[in-house]
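Trainee: I would like to go through the terms used for this model and ask what each one rests on.
Mentor: Go ahead.

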Amino acid sequence: PKLFGDFEKNTKLPFNLTLRYGIFAITDRKLPVETMCDRAVIANNTAKGYYDTILAYYDDSMRQKIIDEQFLTNEARAGLKENQFEVYLQPKYEIRTNKIAGAEALIRWNHPVRGFMPPGAFIPLFEKNGMVFELDRFVWNDTCRLVQAWKKKYGSCVPISVNVSRADIYSPNLSSYLTEMVKKHGLKPEDIHFEITESVYTQDSGTLINVVKKLRDSGFKIEMDDFGSGYSSLNALSSMPLDLLKLDMRFMREVSEDPRKSGILKFIMELAELIHVPVIAEGVETEDQLNRLRSVNCQYAQGYYYAKPMKAADFEKLQYAGVKKPAAE
Ligand code: C2E
Ligand code: MG
Ligand code: MG
């Protein structure tokens, strides 16, 4: 059949065409043909996005993964209603004074059957299926609730950062939603910081950067998360809307494995100084790493060396240790 009409006269097509094959080996002839085809399609789908794979063989783990994802997707809504999701907090420290300067809200899922799940087990899926909108709104609001309660109880609270998924950035009216949200909780925009991963700045930059600019114009503080994991153009960095650079964890790891990498750390600190933004290093696990950060005058750090993400009640104790509650009204 003439697939491409007149183009076929020319052997050269005006575009590149790559054929990919999904293969299901028939071992059980009793299976309906439709099911067999579905499985070949499942195999084929796993090859999408890989330029070097044109053949993909079906195996049952592929189907299992889809069933699994479907299960988590179905469970998520009920989970939100039944309070299975819990905001954990990990403190951020000012290196010089050793004082808590903030915290990051990190979500955990206590599933009745699956047990305790870290975000890596469901956030990537929720970003694909849209559930991340609801989940993040829950995290942001719950964080506001905590900050509001602590401000009321103790008079002040360090700013708490929440993560923003790239999917959230595309949602219309994000900035007015957030402005309303903090107002509703009796907070100011600077009480809540937003961590936006570096790749958001580097892909489709026009639209996304405008959204981030708008957030910043509304008074919110913006932290560029995972800095160094993507490919920020160093040139563009100076014009990007951000208040804090958050160094990707990989840096800390590489610097301890290969001390020559310290030069890169120094370079980043100089760069940050040039654009007048402070730096926080994440994933700090050892005294040695902390000393390296001190030697380049890095201002803030977060990581297991100081504390792991913890329940809100534990963070409350940590933050207000030694602080006397103002007399009850
Ligand atoms: P992230 O925002 O870059 O968060 C840092 C991750 O590093 C957290 O993992 C934290 O627990 C972990 N971490 C902190 N200190 C250390 C350390 O010293 N060593 C090591 N090895 N790890 C450390 P977690 O909580 O599993 O979160 C993973 C990612 O999931 C986060 O990366 C963030 O991108 C995403 N995430 C977490 N909570 C939320 C959320 O509420 N909404 C959205 N959209 N994403 C979230
Ligand atoms: Mg983060
Ligand atoms: Mg990060």
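Trainee: Are Asp225 and Asp226 buried or exposed?
Mentor: In this predicted model, Asp225 is buried and Asp226 is too. The word stands for a relative accessible area under 20%.

Trainee: What makes Asp225 and Asp226 donors of the magnesium ion (ligand 3)?
Mentor: Distance. The cut-off for a donor atom here is 2.8 Å from the metal. The OD atoms of Asp225 and Asp226, together with two OE entries for Glu282, lie 2.1 to 2.8 Å from the magnesium ion (ligand 3), so they count as donors. Along the chain, these donors follow the spacing D-D-x55-E.

Trainee: Which residues coordinate the magnesium ion (ligand 2), and how do you know that they do?
Mentor: They are Glu104 through OE, Asn163 through OD1, Glu195 through OE and Asp225 through OD, at 2.0 to 2.3 Å. Those distances are within 2.8 Å, therefore the atoms qualify. The sequence spacing of these donor residues is E-x58-N-x31-E-x29-D.

Trainee: Why is Asp225 called a bridge between the magnesium ion (ligand 2) and the magnesium ion (ligand 3)?
Mentor: Because Asp225 coordinates both ions. The two ions are 4.1 Å apart.

Trainee: What makes the approach of Gln90 to ligand 1 a polar contact?
Mentor: The pair must be N or O atoms within 3.5 Å. A side-chain N or O atom of Gln90 is 3.0 Å from a nitrogen atom of ligand 1, so the pair meets the limit. Glu104 has a side-chain N or O atom 3.0 Å from an oxygen atom of ligand 1, and a polar side-chain atom of Asn163 also lies 3.0 Å from an oxygen atom of the ligand. On its own, ligand 1 has 800 Å² of accessible area, of which the protein covers 82%.

Trainee: How many residues surround ligand 1, and where does the ligand sit?
Mentor: There are 23 around it, the closest being Arg108, Asp136, Met249, Glu285 and Tyr304. The space that ligand 1 takes up is the largest pocket.

Trainee: How many disulfides does the structure hold?
Mentor: Zero. A disulfide needs two cysteine sulfur atoms within 2.5 Å. For Cys144, the nearest cysteine sulfur belongs to Cys157 and is 11 Å away, so Cys144 is in no disulfide.

Trainee: Why is Cys144 called buried and Cys37 partly exposed?
Mentor: Cys144 has 0% relative accessibility, which is under 20%, so it counts as buried. Cys37 has a relative accessible area of 44%; exposed would need over 50%, so Cys37 is partly exposed.

Definitions and conventions. Residues numbered from 1 in each chain as written. Chains lettered and ligands numbered in written order. Predicted model: local features only at pLDDT ≥ 70, side-chain atom pairs only at ≥ 80, totals over all residues. Heavy atoms only, no water. Buried < 20%, exposed > 50% of the residue type's maximum accessible area, 1.4 Å probe, protein only. Donors = N, O, S within 2.8 Å, 3.2 Å for Na, K, Ca; no water. Near = heavy atom within 4 Å. Polar contact = N/O pair within 3.5 Å; in protein donor to acceptor, adjacent residues only side chain to side chain. Areas by Shrake-Rupley, 256 points an atom, 1.4 Å probe, with all protein chains shown as cover. 1 Å grid on protein atoms, 1.4 Å probe; cavity = no way out; pocket = protein on both sides within 12 Å on 5 of 7 lines; lining within 4 Å. Sits in = over half its atoms within 2 Å of the grid points.
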